[in-house]
Amino acid sequence: MTREEIRNHYRELRKELTPEQCIYYSQQVTNNFLRTWMFNHKLIHCFLPIHRLKEVDTIPLVNRLKRNNRVCIPVSNFDKNNMSHKLLDEHTQFQDNAYGIPEPVSGEDVNVKDIQIVIVPLLAVDQHGNRLGYGKGFYDRFLAQCSPGTIFIGLTMFDVHDDFEDIDPHDVPLHYIVTPQGVIKTKYADNVKK
């Protein structure tokens, strides 16, 4: 399958999910994440879900993580195809952008090099941590800017795909994948410089 065929396949799988399945799978992903990691005093980047696209609902995870960590949320710049990152605090207010992505309206800017953990959205992922997003390259550009010790964790409601045949040289692989069934450590996890 080509990259676009894989994207279309997973878009169709998402469309078939009921609201109840989205809630259940998101809860399982959150539970598996929190059973595996109890991060403390880290700077964690996490996406917020586009509900109409049936992404993993990360809001409960963000609420739990921000108890003991600093959490930042991306703000997309579609003119430049990049993101900035705003630190959450008790005053943070959100507004959906033109694509339906909830984003902080204001907040302290975070330096990419200071982020220690990135929780990454995806459409599909293989067992090696190669991910497919929506095709704009926002996250690949962002992940490539992160410090060598940054941990990349992808969240999905589906099983991992067979190996992707056509890997783009600009793709940045994940270290871990969290599914409703558990956590998968990829071959890249051992390469993280602590």
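Which residues do ring pairs link into a cluster? The views below start there, in a predicted model.

**View 1. An aromatic cluster is joined by ring pairs.** Phe33, Trp37, Phe39 and Tyr176 are linked in this cluster. Across the whole structure, the search returns 9 aromatic pairs. A pair of aromatic rings is described by centre distance and plane angle. Two of the cluster residues, Trp37 and Phe39, also belong to the lining of the second largest cavity.

**View 2. The second largest cavity encloses about 60 Å³.** Its lining comprises Leu34, Trp37, Met38, Phe39, Arg64, Leu65, Asn68 and Asn69. By class, 5 of these residues are nonpolar, 2 are polar and 1 is charged. Arg64 is part of this wall.

**View 3. The largest cavity holds about 70 Å³ of space.** The structure has 2 cavities of 30 Å³ or more. The lining of the largest cavity includes Arg14, Lys54 and Glu55. Phe47, Val56, Pro121 and Leu122 line the largest cavity as well. Leu155, Thr156, Met157 and Phe158 complete the list. The class count is 7 nonpolar, 1 polar and 3 charged residues. Rolling a probe the size of a water molecule over the atoms shows where empty space remains.

**View 4. The largest pocket has a volume of about 900 Å³.** Its lining takes in 39 residues. Gly133, Tyr134, Gly135, Lys136 and Phe138 lie nearest the pocket centre. Two helices and three strands each supply at least two lining residues. The helices are H1 (3-16) and H4 (138-145). The strands are E2 (70-77), E5 (102-104) and E8 (131-132). By class, the lining of the largest pocket divides into 19 nonpolar, 5 polar and 15 charged residues.

**View 5. A charged side chain sits over an aromatic face.** Arginine 141 lies over the face of phenylalanine 138. The distance to the ring centre is 5.9 Å. Phe138 also appears in View 4, among the residues nearest the centre of the largest pocket.

**View 6. The second largest pocket has a volume of about 180 Å³.** Leu143, Ala144, Cys146, Ser147, Pro148 and Thr150 are among its lining residues. So are Phe152, Pro173, His175, Tyr188, Asn191 and Val192. This lining has 8 nonpolar and 4 polar residues. It has no charged residues.

**View 7. Cysteines without a disulfide.** The whole structure contains 0 disulfides. For cysteine 46, the nearest cysteine sulfur is that of cysteine 72, 9.2 Å away. Cysteine 46 is buried, because its relative accessible area is 0%. Why does cysteine 72 form no bond with cysteine 146? The sulfur of cysteine 146 is the closest cysteine sulfur to that of cysteine 72, yet the two are 9.2 Å apart, so they are too far for a bond. The cut-off for a disulfide is 2.5 Å between sulfur atoms. Cysteine 72 also counts as buried, with a relative accessible area of 0%. Cys146 is part of the lining shown in View 6.

**View 8. Proline 19 in helix H2.** Helix H2 spans residues 19-36 and contains proline 19. Is proline 19 buried or exposed? Proline 19 counts as exposed, because its relative accessibility is 56% and the threshold is over 50%. Between proline 19 and phenylalanine 94, the C-alpha to C-alpha distance is 23 Å. In sequence, the two residues are 75 residues apart.

Key:
Residues are numbered from 1 along each chain as its sequence is written. This is a predicted model: local features need pLDDT of at least 70, side-chain atom pairs count only at pLDDT 80 or more; totals for chains, interfaces and linings use all residues. Side-chain values use heavy atoms; hydrogens and water are left out. Buried means under 20% relative accessible area, exposed over 50%, partly exposed in between (1.4 Å probe, protein chains only). On a 1 Å grid over the protein atoms alone, a cavity is a set of points where a 1.4 Å probe fits but cannot get out, and a pocket is an open set with protein on both sides within 12 Å along at least five of seven lines; lining residues have an atom within 4 Å of a point. Grid points are joined across faces, edges and corners, and a volume is the space filled by probe spheres set on the points. Ala, Val, Leu, Ile, Met, Phe, Trp, Tyr, Cys and Pro count as nonpolar, Asp, Glu, Lys and Arg as charged, and the others, Gly among them, as polar. Rings of Phe, Tyr and Trp (its six-membered ring) pair if their centres lie within 6.5 Å; planes under 30 degrees apart count as stacked, over 60 as edge-to-face and the rest as tilted. A charge sits over a ring if NZ of Lys or CZ of Arg is within 6 Å of the ring centre and within 35 degrees of the ring normal. Helices (H or I, at least four residues) and strands (E, at least two) are DSSP runs, numbered from the N terminus.
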